[in-house]
Amino acid sequence: MVVRRGGRFFALRDVCPHQGAPLSAGKVDGTALPCRPGEEISYGRLGEILTCPWHGWQFDLATGRALIEPERFRVRVYPVQVAGRRVIVQMD
């Protein structure tokens, strides 16, 4: 899957490592920041986090690493180049 955030492009494998959900059906958003009960929820890292549509697992768009146990869980990322109006994803 390819995600465009502003002028940057990110390419990731479209499969969640948890149970195989299509990550392209998820949302790109941010993370909820700590708050007290009853306070308005605020978000950090807006536009940097991909959330799985099935169980809410979250991944960093740039690295593919999960926010929880990043050394253990990740999604494969691919190098991306922009050439004119084309986005080129380098896949092995």
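Q: Is C52 buried or exposed?
A: C52 has a relative accessibility of 3% in this predicted model. The class buried means under 20% relative accessible area, exposed means over 50%, and partly exposed lies in between (1.4 Å probe, protein chains only). C52 therefore counts as buried.

Q: What conventions apply to the residue numbers and to this model?
A: Residues are numbered from 1 along each chain as its sequence is written, and side-chain values use heavy atoms, with hydrogens and water left out. Because the model is predicted, local features need pLDDT of at least 70 and side-chain atom pairs count only at pLDDT 80 or more, while totals for chains, interfaces and linings use all residues.

Q: How far is the sulfur of C52 from the closest cysteine sulfur?
A: The structure holds zero disulfides, a disulfide being a pair of cysteine sulfur atoms within 2.5 Å. For C52, the closest cysteine sulfur belongs to C16 and is too far for a bond, at a distance of 3.8 Å.

Q: What is the relative accessible area of C35?
A: C35 is also a residue of a structure with zero disulfides. C35 is partly exposed, with a relative accessible area of 38%.

Q: Which residue of the nonpolar surface patch formed with V2 and V82 is found in strand β8?
A: Patches are made of residues with over 30% relative accessible area and no salt bridge; like charges are joined within 9 Å, and nonpolar side chains (Val, Leu, Ile, Met, Phe, Trp, Tyr) within 5 Å. The patch has about 230 Å² of accessible area in all, from the Shrake-Rupley method with a 1.4 Å probe, where for residues only the protein chains shown count as cover. One member is partly exposed at 34% relative accessibility. The patch residue in strand β8 (residues 86–89) is V87.

Q: Which residue meets D29 in a salt bridge?
A: A salt bridge is a side-chain nitrogen of Lys or Arg within 4 Å of a carboxyl oxygen of Asp or Glu, and the whole structure has six. D29 is partly exposed at 26%, whereas its partner is exposed at 54%. With N to O at 3.8 Å, that partner is K27.

Q: How far apart are the closest N and O atoms of R72 and E69?
A: R72 is exposed at 59% relative accessible area, and E69 is partly exposed at 41%. In their salt bridge, the closest N and O atoms are apart by 3.4 Å.

Q: Which residue joins R45 and E48 in one salt-bridge network?
A: R45 and E48 form a salt bridge with closest N and O atoms 2.8 Å apart. R45 is partly exposed at 34%, and E48 is partly exposed at 36%. Through shared partners, the network also includes D60.

Q: Which residue of β6 is the bridge partner of A11?
A: Strands (E, at least two residues) and helices (H or I, at least four) are DSSP runs, numbered from the N terminus; two strands pair if DSSP finds at least two bridges between them. The open sheet has the order β1-β2-β6 with antiparallel pairing, and its edge strands are β1 (2–5) and β6 (77–78). Strand β2 (residues 8–12) pairs with β6 over two bridges. The partner of A11 is Y78.

Q: Which side chain makes a polar contact with the side chain of T51?
A: T51 lies in strand β4 (residues 43–51) and is buried at 18% relative accessible area. A polar contact is a pair of N or O atoms within 3.5 Å; within protein, one must be able to donate a hydrogen and the other to accept it, and residues adjacent in sequence count only if both atoms are side-chain atoms. At 3.3 Å, the contact of T51 is with Q58.
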